[in-house]
Amino acid sequence: MINVFQPSLGAEELEAVSEVFADNWLGHGPRTREFEARFAEHLGVPPEHTIFINAATAGLFLATELLGLGPGDEVVLPSVSFVAAANAVASTGARPVFCDVDPRTLNPTPAHVESALSPRTKAVLLLHYGGLPGEVAAIAELCRSRGVTLVEDAACAVASGDGETRCGTFGDLGVWSFDAMKVLVTGDGGMLYVRDAELARKARRLAYHGLDNKATGFSKAKVSDRWWDLEVREFGRRLIGNDLTAAIGTVQLRRLPGFVARRQEISGLYDRLLAGAEGVVLPPALPEGQHGTYYFYWVQLDAAIRDQVAADLLARDIYTTFRYPPLHKVPAYGAGPRDLPGVEEASATTLLLPLHQGLDDSEVRTVADELRKAVEHRLTAAAH
């Protein structure tokens, strides 16, 4: 099976894990702090503003807590987004308000976001679809002008940016995912960025039971004869990452430029192999000045044949998919019917092809050849 997603792990990661075993400390510790510092350097932000957590989803839930969301509040987010974002909002009692997207980029424009704002809007939760920055700079400026907090779901955008600014740092809070299907993987895990220094300190406490990490365990024993006493400032949970997964993440971060370069090569090869293919619309090019993670490579087909083509490819051991099913159609969010034509068009026509750094050129050619054949077959059958 040629998979859509696949991590790249090897001897370097195994060596990093063996060093953690040798030190006999797997929990939150020096390797966690090193990973946070190196990721902060990758983003171009101070290290005290980044927090390694056990999942990007946990970061989204923590972000809604930091914002104090509750009943009567609204959060605008694109309908083409991962379910975790809407769950995080709805769990607080706040109302997710879903906006439309551009049918080609699957990212919202400032106009889409603005049309969904209301006096009750407390935040915008922006996904970077497939790692594309989209019009994030303009959306961030819109949010600032309206006094609305911008949270960036940069789960797929670990190496993306616009100019010198990395995705996830345009707004007030940002979250990245390191799960097993991402480009940089730690098995499970994520990173949270908080722009405001005091809010970042609060986030760190909430991620560890509401406790101050500097006032627990061995560090507290050096300054107190009752180091086991607790000081709880807020009611937090345990969301922190650990040294075992952080060690893997540090190696993966070092390898990230090579991963992204290879994914860019594969995307370019798809572009060349599928150029002029009947019935196949290729993804839009990145605007000048932007750089992407190349997390998704998608084509768009006639809605009447998209699902059939996907089934034909699966029968040939090529796995394709669509991310993400429209959230405004999920009854649990109580969003009500909305006219979102860009979302409807994109969700009916878009198909993600295999894209990961482990693909070799022959596999890419196989995918492209089989896609051409499947589309031609289905278009011919539809014509008769």
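**Exercise 1. Is Thr293 buried or exposed, and what relative accessible area does it have?**

*Solution.* Before starting, note that this is a predicted model, in which local features need pLDDT of at least 70 and side-chain atom pairs count only at pLDDT 80 or more, while totals for chains, interfaces and linings use all residues. Residues are numbered from 1 along each chain as its sequence is written, and side-chain values use heavy atoms, with hydrogens and water left out.

Step 1: residues are called buried under 20% relative accessible area, exposed over 50% and partly exposed in between, with a 1.4 Å probe and protein chains only. Step 2: Thr293 has a relative accessible area of 0%, so it is buried. Step 3: Thr293 is found in the loop between strand S10 (290–291) and strand S11 (297–300), where helices (H or I, at least four residues) and strands (E, at least two) are DSSP runs numbered from the N terminus. Step 4: the side chain of Thr293 makes a polar contact with the side chain of Ser160 at 2.7 Å; such a contact is a pair of N or O atoms within 3.5 Å, and within protein one must be able to donate a hydrogen and the other to accept it, while residues adjacent in sequence count only if both atoms are side-chain atoms.

**Exercise 2. Describe the surroundings of Lys182.**

*Solution.* Step 1: UniProt, in an unreviewed entry, places the feature "active site" at Lys182, and it also lists Lys182 for "modified residue: N6-(pyridoxal phosphate)lysine"; these positions are given in the numbering used here, feature names are shortened, and annotations may be inferred rather than shown by experiment. Step 2: Lys182 is found in the loop between S8 and S9 and counts as buried at 11% relative accessibility. Step 3: leaving aside neighbours within four places in sequence, Lys182 is in contact (heavy atoms within 4.5 Å) with Ala155, Cys156, Ser177 and Tyr295. Step 4: the side chain of Lys182 also makes a polar contact with the side chain of Asp179, at 3.1 Å.

**Exercise 3. Work out the order of the strands in the open sheet and find its edges.**

*Solution.* Step 1: seven strands form the open sheet in the order S1-S9-S8-S5-S4-S2-S3, with mixed pairing, and two strands pair if DSSP finds at least two bridges between them. Step 2: strand S1 (50–53) and strand S3 (95–99) stand at the edges with a single partner strand each, so one side of each is left without a neighbour in the sheet. Step 3: within the sheet, strand S8 (residues 173–177) and strand S9 (residues 190–194) pair in the antiparallel sense over five bridges, and Trp176 stands opposite Met191 in S9.

**Exercise 4. State how many helices and strands the chain has, and what share of its residues is buried.**

*Solution.* Step 1: the chain has twelve helices and twelve strands. Step 2: buried residues make up 54% of the 384 residues in the chain.
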